[in-house]
Amino acid sequence: MDASTHSSPAYEPLALYIDGEFIHAGERPEQDVINPATGAAFARLPHATQEDLDRALAAASRAFQTWRATSPLERSAILRRVGALIRERAVSIARNITLDQGKPLAEALQEVTTCAEHAEWHAEECRRIYGRVIPPRSESVRQWVVREPIGVCAAFSPWNFPFNQALRKAVSALGAGCTLILKGPEDSPSAVVALARIFHDAGLPPGCLNVVWGQPAQISSYLIQSPIVRKISFTGSTAVGKTLASMAGAHMKRMTMELGGHSPVLVFDDADVEAAARFLARTKTRNAGQVCMAPSRFFVQEKAYQRFVDAFASAYGSLRVGDGLAQDTEMGPLAHGRRVESMQALVVDATARGGAVVCGGERLGSGGFFFAPTVVTGLPDDARLMTEEPFGPVVPVTRFKTTDEVLARANALPYGLASFVFTNSLATANHVSNRLEAGMVSINHFGLALAETPLGGVKDSGMGSEGGAETFDGYLVTKFISQASAIP
Ligand code: NAD
């Protein structure tokens, strides 16, 4: 499919969304939106001016005074309508995600429809933001704890799951009674504009959700330093997360940080080795490996090692890579040119460190941002591919002997997001799930990121959780109230 087909009128008209209004470019600066399957620009995204940011801050602040007092039933009803509209519009939103982000259409559709579940989960949970009564020391005293929305939030969502990551932040903040200024991913913007339209059409009052675009560093520093913003939420790289966290810390602002990972995969001799290899090849294919919790450092026990490498490389190396809109595509392009350069640098380093490229290892074609599914073996643990989050389709596979050894190696990095274990031994599964330093452990399958389960990391992979019963914790403050029936 060529770029002219991609610029068909169905693509989302890109806009800012402030105080209930969609605002088009006018005199504002704009940037190109590029189709990663072709490398061609096909749309323009307006950037917010400082006046736009000030307007968004004022609108969010004003809206908070009403939204915080809106009954949970009403908030819940709006989130339910959001869920219904997501299902209705999923096909066109998904197509636009494939155009500006690259993932295959079926994956984009799955990303969007799953979000209906997130909206519905938050619609249910927001009716259960309970406080508690504390037994008093005197009969004339009543004392209780309430949890209140923290206030105006600023959220920064990434390009890898442009709809899902933005939606999760929006439903957590809004469900808790907060208002939100959201800066979406400039590389893949259509999903966030579509999301704003859904909230608008679901009846969310003006100012509760605002969407802005621009230079990420400028927008984040302006919003984080504003006294109006009380909390920030960021999903992206650990390096950027630390910069934003230090800024938030300087202003004593609450934060949720969902950052990078380099998820260890432990395949034990007693696992169903070929099935694990085929399953991991499918899992790693998703979004061309651009998934924060993708399996990414493979440790395979000695006896299983060669069988695993053969089966994994055979399944992974034979994937059909192509334009995400083509029906038979199994893996799309990387989201932008910077990712291709990163993959090339990782492979160059791996080869220099004595790694053997079992399959792939190079860019495919010259137009889009395609990179071959790549498997590298024989790397030392301090090679870049073993220590830096690859965030792409390059997989290092190494061997291990004992459980203690593999736990030490898996836990050696500063990251602690997801981890994966393949074993048929209950004892091994119990032991390693206790000892892995990770926010999430998935055993014999990929059971993560569901609406009802918490998603979050430890160590340099972040703080706080999104989803599950924990989902509103980061958006609420605790207030203790003590009341006597008469002055003593
Ligand atoms: P990047 O660090 O330049 O950008 C990552 C994301 O952060 C982008 O969405 C970008 O708009 C945003 N960002 C960058 N600087 C920012 C700032 N100062 N303020 C606010 N937002 C800012 O890297 P990239 O090449 O676009 O992505 C690659 C890296 O990003 C990967 O290595 C991965 O670690 C990370 N990433 C992680 C996730 C995740 O789900 N945790 C998602 C996307 C990207």
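Q: Hi! Which ligand atom does the His-336 side chain come close to, and what is the distance?
A: In this predicted model, a polar side-chain atom of His-336 lies 3.3 Å from an oxygen atom of the ligand.

Q: Cool. And what about Ser-220, which kind of ligand atom does its side chain face?
A: A nitrogen atom: a polar side-chain atom of Ser-220 lies 2.8 Å from that ligand nitrogen. Pro-216 also has a contact with a ligand nitrogen atom, at 3.4 Å, but there the protein atom is a backbone N or O.

Q: How much of the ligand's area does the protein bury?
A: The protein buries 85% of the 790 Å² that the ligand exposes when taken alone.

Q: Where does the ligand sit, then?
A: You'll find the ligand in the largest pocket.

Q: Which helix gives the most residues to the shell around the ligand?
A: That's H7, with three residues. Helix H7 covers 216-225, and the other elements giving two or more are strand S10 (229-235), helix H8 (238-250) and helix H11 (337-352).

Q: Which residues come nearest to the ligand?
A: Of the 22 around the ligand, those are Trp-159, Ser-220, Ser-237, Arg-338 and Glu-389.

Q: New topic: what's the mix of residue types in that shell?
A: The shell has 10 nonpolar, seven polar and five charged residues.

Q: Last one: which domains do the shell residues come from?
A: Domain 1 (16-259 + 463-477) and domain 2 (263-450) each supply at least three.

Technical notes. Residues numbered from 1 in each chain as written. Predicted model: local features only at pLDDT ≥ 70, side-chain atom pairs only at ≥ 80, totals over all residues. Heavy atoms only, no water. Near = heavy atom within 4 Å. Polar contact = N/O pair within 3.5 Å; in protein donor to acceptor, adjacent residues only side chain to side chain. Areas by Shrake-Rupley, 256 points an atom, 1.4 Å probe, with all protein chains shown as cover. 1 Å grid on protein atoms, 1.4 Å probe; cavity = no way out; pocket = protein on both sides within 12 Å on 5 of 7 lines; lining within 4 Å. Sits in = over half its atoms within 2 Å of the grid points. Helix = DSSP H or I, 4+ residues; strand = E, 2+ residues; numbered from the N terminus. Nonpolar A, V, L, I, M, F, W, Y, C, P; charged D, E, K, R; others polar. Domains from an automatic or database assignment.
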